[in-house]
Amino acid sequence: MIVQVGLVGDEAGDELRRLELWLRRDEDLSRVTITAQQAPAQSGDMGPVLEALQLLVEPQGVLTAVAASLGTWASTRRRNVHVRVRSGDKEVEIDASRLSDPEDVASRILRKLDGQ
């Protein structure tokens, strides 16, 4: 399963880099392949702009660990950041500034993407 994770909000590029490091350090995600996707270059760009993270989640059960890690990461953000998670034609967007429970975030991601 391929899952794309993007952020919307102030300093989304910097926050996406922090999220990438967070996911790479999570031992439960050691079997997930994470690829940073660059946005097409625009006039005036000083360098590549990180647009999204693509996660190859195999086996399927690892999606639960990805959702849990995203929920925990989002709950640690102090900035106004929206996490957008997409797989195929299924998408969920979560306002990290309004989180009360990381487990709730994980459940919402799983329900939307995996049909649980």
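## Worked exercises on a predicted fold

The protein has three helices and five strands. Keep in mind that you're working with a predicted model.

**Exercise 1. Work out the order of the elements, and find what share of the residues is buried.**

*Solution.* Start at the N terminus and walk along the chain: the elements run β-α-β-β-α-β-β-α. Next, count residues: there are 116 in the protein, and buried ones make up 36% of them. Last, look at the contacts with a separation of 6 or more: 60% of these come from residues 24 or more positions apart.

**Exercise 2. Check the span of helix α3 against 1.5 Å a residue, then find which of its residues are buried and what they pack against.**

*Solution.* Step one is the ruler check. Helix α3 covers residues 102-114, which is 13 residues. The expected span is 1.5 Å times one less than the number of residues, so α3 should span 18 Å, and its end C-alpha atoms are indeed 18 Å apart.

Step two is burial. V105, A106, I109, L110 and L113 are the buried residues of α3. Look down the axis of α3 and these buried residues fall within an arc of 130°, so they line one face of the helix.

Step three is the packing partners. Against the buried residues of α3 you'll find β1 (2-9), α2 (63-75), β4 (81-87) and β5 (90-95).

**Exercise 3. Do the ruler check for α2, and list its buried residues and what covers them.**

*Solution.* First, the length: α2 has 13 residues, so at 1.5 Å a residue it should span 18 Å, and the 18 Å between its end C-alpha atoms agrees. Then the burial list: L63, V66, A67, S69, L70, G71, W73 and A74. Finally, the cover over these buried residues includes β1, α1, β3, β4 and α3.

**Exercise 4. Sort E20, D14 and S30 into buried, partly exposed or exposed.**

*Solution.* You'll need two cut-offs: buried is under 20% relative accessible area, and exposed is over 50%.

- E20 sits in helix α1. Its relative accessibility is 16%, so E20 counts as buried. Leaving out residues up to four places away in sequence, E20 touches I34, A36, L50 and L53.
- D14 is also in helix α1. At 42%, D14 falls between the cut-offs and therefore counts as partly exposed. The C-alpha atoms of D14 and L50 are 8.3 Å apart, with the two positions 36 residues apart along the chain numbering.
- S30 belongs to the loop between α1 and β2 (33-38). With 62% relative accessibility, S30 counts as exposed. S30 and V62 are 32 residues apart in sequence, and C-alpha to C-alpha they are 9.8 Å apart in space.

**Exercise 5. Describe the largest pocket: its volume, its lining and the elements that supply the lining.**

*Solution.* Begin with the space: about 260 Å³ lies in the largest pocket. Its lining takes in 15 residues, and G6, L7, E51, A52 and R84 are the ones nearest the centre. Now trace the lining back to the elements. Those giving two or more residues are β1, α1 (12-25), β3 (50-56) and β4. The top contributor is β1, with five residues. To finish, split the lining by chemistry: eight residues are nonpolar, four polar and three charged.

Terms used:
Residues are numbered from 1 along each chain as its sequence is written. This is a predicted model: local features need pLDDT of at least 70, side-chain atom pairs count only at pLDDT 80 or more; totals for chains, interfaces and linings use all residues. Side-chain values use heavy atoms; hydrogens and water are left out. Helices (H or I, at least four residues) and strands (E, at least two) are DSSP runs, numbered from the N terminus. Buried means under 20% relative accessible area, exposed over 50%, partly exposed in between (1.4 Å probe, protein chains only). The arc is that of the directions from the helix axis to the C-beta atoms. Contact means heavy atoms within 4.5 Å. On a 1 Å grid over the protein atoms alone, a cavity is a set of points where a 1.4 Å probe fits but cannot get out, and a pocket is an open set with protein on both sides within 12 Å along at least five of seven lines; lining residues have an atom within 4 Å of a point. Grid points are joined across faces, edges and corners, and a volume is the space filled by probe spheres set on the points. Ala, Val, Leu, Ile, Met, Phe, Trp, Tyr, Cys and Pro count as nonpolar, Asp, Glu, Lys and Arg as charged, and the others, Gly among them, as polar.
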